[in-house]
Each structure stands twice: as structure tokens, then as C-alpha cells.
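The following explanation leads the reader through one structure, helix by helix. Please keep the sequence and the coordinates in view while reading.

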Amino acid sequence: MNTIPLRLQAQAQQFGEKPFLFFPEEERPLAQQRLTYAQLLTYCAQAAHLYHYLEVGIGDKVALLLPNIPEFSIAYWG
């Protein structure tokens, strides 16, 4: 089965510490201006656990109101 969590896990295993996303912003320190595949997997798992804690279930609708920031990807794929 090829689900989003399985796909993210495979990509994190294959690419690990390679950058997934760059987001140069003046207010973020240089060390925090990139997101690796491994970090993405970790943060998405944390988001998924949060949704579970909030009792968001299969078929529930969730709205995201975020600007164009890395956290959007994490919230979306979580």
C-alpha cells in the first residue's frame, strides 16, 4: 500500500539529512532555514499524534489557515 505516511517514511530513509525544503527568511536563524526529510518525518509524526490527541478521525474535516510557511506542509501531511 502506498499511503502518505509510508511514502514519507521511505523518502526519509532514502534521503535522510538531505534538504527537503529551503525557506530563507530574515527572522529565522540560518540553521533553521531548511527542513530535511528526516525532520519532516519527525514533525509530521508529531502533528499526527496531536490530531489523534484532539480526536480528529478518518473522514473529519480539518481546515488550515496558514501563510506560505514550512509548517503548512507539516500540518497538511501530519
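**Helices and their packing**

Helix α1 comprises 12 residues, and the distance from its first C-alpha to its last is 16 Å, close to the 16 Å expected at 1.5 Å a residue. The model under discussion is predicted. Gly16 follows α1 and has a positive phi, near 45°. In the segment before α1 lies Asn2. Asn2 counts as exposed because its relative accessibility is 62%, and the cut-off for that class is over 50%. Between Asn2 and Phe72 there are 22 Å in space, C-alpha to C-alpha, and the two residues are 70 residues apart in sequence.

Helix α2 covers residues 37-53. Its 17 residues should span 24 Å at 1.5 Å a residue, and the end C-alpha atoms of α2 are indeed 24 Å apart, so the expected and the computed spans agree. Glu55 follows α2 and has a positive phi, near 65°.

Which residues of α2 are buried? They are Tyr37, Leu40, Cys44, Ala47 and Tyr51. Viewed down the axis of α2, these buried residues fall within an arc of 80°, and therefore they line one face of the helix. His49, His52 and Tyr53, on the other side of α2, are exposed. Gln46 also belongs to helix α2. With a relative accessible area of 48%, Gln46 is partly exposed, because this value does not reach the region over 50% that defines exposed residues. Gln46 and Leu65 are separated by 19 residues in sequence and by 19 Å in space, C-alpha to C-alpha.

What covers the buried residues of α2? The cover includes α1 (4-15), β1 (19-22), β2 (34-36) and α3 (70-77). The two helices among these elements may be taken in turn.

Two packed helices are described by the angle between their axes and the distance between the axes. For α1 and α2, the packing angle is about 150° and the axes are 8 Å apart. Since angles over 145 degrees count as roughly antiparallel, α1 is therefore roughly antiparallel to α2. On the side of α1, the contact is made by Leu8, Gln9, Gln11, Ala12 and Phe15; on the side of α2, it is made by Tyr37, Ala38, Leu40, Leu41 and Cys44. The crossing in which α1 passes α2 is left-handed.

The axes of α2 and α3 come within 8 Å of each other, and they cross at roughly 55°. These two helices are therefore oblique to each other. The crossing in which α2 passes α3 is right-handed. Here Leu40, Tyr43, Cys44, Ala47 and Tyr51 of α2 meet Ser73, Ile74, Ala75 and Trp77 of α3. Leu40 and Cys44 are thus among the buried residues of α2, and they appear in the contact with α1 as well as in the contact with α3.

Strand β2, which is part of the cover over α2, contains Thr36. Is Thr36 buried or exposed? Thr36 is buried, because its relative accessible area is 1% and the cut-off is under 20%. Leaving aside residues up to four places away in sequence, Thr36 touches Gly16, Glu17, Lys18, Pro19 and Phe20. One of these, Gly16, is the residue with positive phi that follows α1.

Technical notes. Residues numbered from 1 in each chain as written. Predicted model: local features only at pLDDT ≥ 70, side-chain atom pairs only at ≥ 80, totals over all residues. Heavy atoms only, no water. Helix = DSSP H or I, 4+ residues; strand = E, 2+ residues; numbered from the N terminus. Expected span 1.5 Å × (residues − 1). Buried < 20%, exposed > 50% of the residue type's maximum accessible area, 1.4 Å probe, protein only. Arc of directions from axis to C-beta. Contact = heavy atoms within 4.5 Å. Axes fitted to C-alpha atoms, helices over the stretch in contact; angles between N-to-C directions. Parallel < 35°, antiparallel > 145°, perpendicular 65-115°, else oblique. Left-handed = near helix turned anticlockwise from the far one by under 90°.
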